[in-house]
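Reader: I would like to go through this model and ask for the reasoning behind each label. Please keep the answers short.

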Amino acid sequence: MKTSIATVSISGSLPEKLDAIQKAGFDGIEIFEQDFIAHDGSPRDVGNMIRDMGLDITLFQPFRDFESLPEPLRAKAFDRAERKFDLMQELGTDLVLICSSCHPEAIGGIDRAAADFHELGERAAKRGLRVGYEALAWGKHVDDHRDAWEIVRRADHENVGLIVDSFHTLSRKLDPNSIRSVPGDKIFFVQLADAPLIDMDLLYWSRHFRNMPGEGDLDVTGFMQAVMATGYSGPISLEIFNDQFRGGSPTTIAKDGHRSLIALMDDVRRAEPTVTVDMPAMPPRIGVDGVSFVEFASRGAEAEQLEAMLQTLGFEKAGNHIAKNLALWTQGDVRIVVNRETEGYASSAYTMHGTTVCDIGLSVDNAAATVARAMALGANTFNQPVGPGELDIPAIRGLSGSVMHFIDEESGLSNVWSVEFTSDENVGTGAGLRSIDHLAQTMSYDEMLSWSLFYTSLFSMGKSPMFDVVDPDGLVRSQALETKDGSFRITLNGAETHRTMAGNFLADSFGASVQHIALATDDIFATRDAMAERGFKPLPMSDNYYADLAARFTLSDEKLSKLKAGSILYDEDANGAFYQFYSQPYAGGMFFEIVQRKGGYAGYGAPNAPFRIAAQKRLMRPKGMPKA
């Protein structure tokens, strides 16, 4: 499988784009004319630069407003085409994309357009070049790949073929299965883009909101199933127009693009087993059974404060590591490791971020397969020396350089707690916490699509629509990802300004990944009381919140009083109810959340988020005051 990406898809100068594309693992590029014109090298120099990096020029584009023009515009269009043919030969590429005309004087007509393309095919053949025709979703006369194919079919020239683009087909809600009737050798090129479902002008939607396959809501998998069923064996390329990407990191965007293509084509061959996809085998998306452990890097007084808070939450120390300065704290199925090491990865994480979640351990179906799939998708593995008596647990790098370890039953890795830790048999019953409900990771808004793609391409997880959380000083974008059975949930929170609580946490911690951990209980009132006996101090909520709660929901006076007394927040929907309360912020803005789900409630208490953030900010340092 030959992978390609249009240079317009990522930011930077042409050399910067090429460097990022090459490092991400692509085989070739679509050279966008604007990128070439803005560069100061000759066409031959540009072509040599691209090939010297091990890349092919898979397509030159775009050539606009060609077909069905009256004279003298028709003659001028052919003259323009000849000049572009000269340029293509200098660059060293043989295929040009011609998009359906939007010219105000274009006459239209299938036969007229076919005649134009037949003549252009004759001219291209004399130079050893090919012409691909693409239907723009907003084309004046041709806005459907079926009409574009009919023009190509009637043009009846071996140097003229069809170019299909997932966005132009799926944005107009056309059935991609109609592509199956096109001979594979007449499809000259395939362009891919996903997009969020937004009701807006097609041209504006296309130019500003496209994203990588798997990052949006379009059925790009179904589209590619139809394409591959034709026997198509040419390049599979990304053409992404996105305002966010234009200002992002070329390296990150290119890497995400390559990851999206690998994940997409793996999905295609699993959904359509009869098609041939020329790429190495890889494990399927990995099932996650939950969070095995969360590890904090901490030291000195900060570590003591963290462990004191864990005690108020009902955790008890269950043992120490056999060789390292690690303490294991447990309650129910929750394991929290406090790492005080002064050497190695955790020490570096503490130096960078202060007290921070440096490692997340996931219980997966197959640990080795998880790393194998992650590597196929371009993830970076993590390794550090394994001491005597320690297990070699597979791991990769996660958000902000943090680590994700993978533990399974079959390999014996789940025995790590008895193998590597001493056991304290006097562990008590705790405060009723049974599991980790979800982890909340904070990042810049620009990183959200990237990490959503990371999780959903590696694990068997779905994603909810993105929504805005109102902070008193700005907006935070949030999106939840979770397994079908809810055994693993993670929320991604994107900050656009340092003035928000999420943005302030990022700034103070120099980009730490996990801002809060939500712990599940089956009886939030009993858990709250048990924690109170241990000295737990909840996040205090305003009386106004409970007055509003009484107006929003039908709650008895007794229940409302219990909620208020425990600083417990409440939400409900048609499927069930949700209870939650919070610790006060610690270590620069991290916090714990305690939740109880009733019935089929599957949300995260989003209506309560603005009030929780406001309450937290009242306890944190005032605006403008520097960090001590």
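Reader: What is the strand order of the open sheet of seven strands?

Author: In this predicted model, the order is β10-β11-β12-β9-β13-β15-β14, and the pairing is mixed.

Reader: Why are β10 and β14 said to stand at the edges?

Author: β10 (316-320) and β14 (395-397) each have a single partner strand, so one side of each has no neighbour in the sheet. Neighbouring strands here are turned by 25° against each other on average, direction ignored.

Reader: What makes β10 and β11 a pair?

Author: Pairing needs at least two bridges. Four bridges join β10 to β11 (residues 326-331), so the two strands count as paired. They run antiparallel, and glutamate 316 stands opposite threonine 330 in β11.

Reader: Which helix lies across β13?

Author: Helix α13 (residues 344-353) does, at about 135° to β13. That helix also lies across β9, β12, β14 and β15.

Reader: Why is isoleucine 594 called buried?

Author: Buried means under 20% relative accessible area. Isoleucine 594 has 1%, so the label applies. This residue is in strand β24 (residues 591-599). Its contacts include Leu313, Leu433, Ile524, Met531 and Phe581.

Reader: Is asparagine 493 buried or exposed?

Author: Asparagine 493 has a relative accessible area of 15%, under the 20% cut-off, so it counts as buried. Asparagine 493 lies in strand β20 (residues 489-495).

Reader: What makes the pair of asparagine 493 and serine 478 a polar contact?

Author: The two side chains make that contact at 2.8 Å. The limit is within 3.5 Å, so the distance fits. Asparagine 493 also touches other residues, among them Ala440, Met443 and Val476.

Reader: Which peptide bonds are cis, and what is omega there?

Author: One joins glutamine 61 and proline 62, with omega about -5°. Another joins glutamate 71 and proline 72, with omega about 5°. Proline 62 lies in strand β3 (residues 56-63), while proline 72 is in the loop between β3 and α4. Most peptide bonds are trans.

Reader: Why is serine 400 called partly exposed, and serine 567 buried?

Author: Partly exposed lies between 20% and 50%. Serine 400 has 36%, so it falls in that range. Serine 567 has 11%, which is under 20%, so it is buried.

Reader: What is phi for serine 400 and for serine 567?

Author: Phi of serine 400 is near 55°, and serine 567 has a positive phi of about 55°. Most residues other than glycine have a negative phi. Serine 400 sits in the loop between β14 and β15, and serine 567 in the loop between α20 and β22.

Methods. Residues are numbered from 1 along each chain as its sequence is written. This is a predicted model: local features need pLDDT of at least 70, side-chain atom pairs count only at pLDDT 80 or more; totals for chains, interfaces and linings use all residues. Side-chain values use heavy atoms; hydrogens and water are left out. Axes are lines fitted to C-alpha atoms, for helices over the stretch in contact, and angles run from 0 to 180 degrees between N-to-C directions. Contact means heavy atoms within 4.5 Å. Buried means under 20% relative accessible area, exposed over 50%, partly exposed in between (1.4 Å probe, protein chains only). A polar contact is a pair of N or O atoms within 3.5 Å; within protein, one must be able to donate a hydrogen and the other to accept it, and residues adjacent in sequence count only if both atoms are side-chain atoms. Lists of a residue's contacts leave out its neighbours within four places in sequence.
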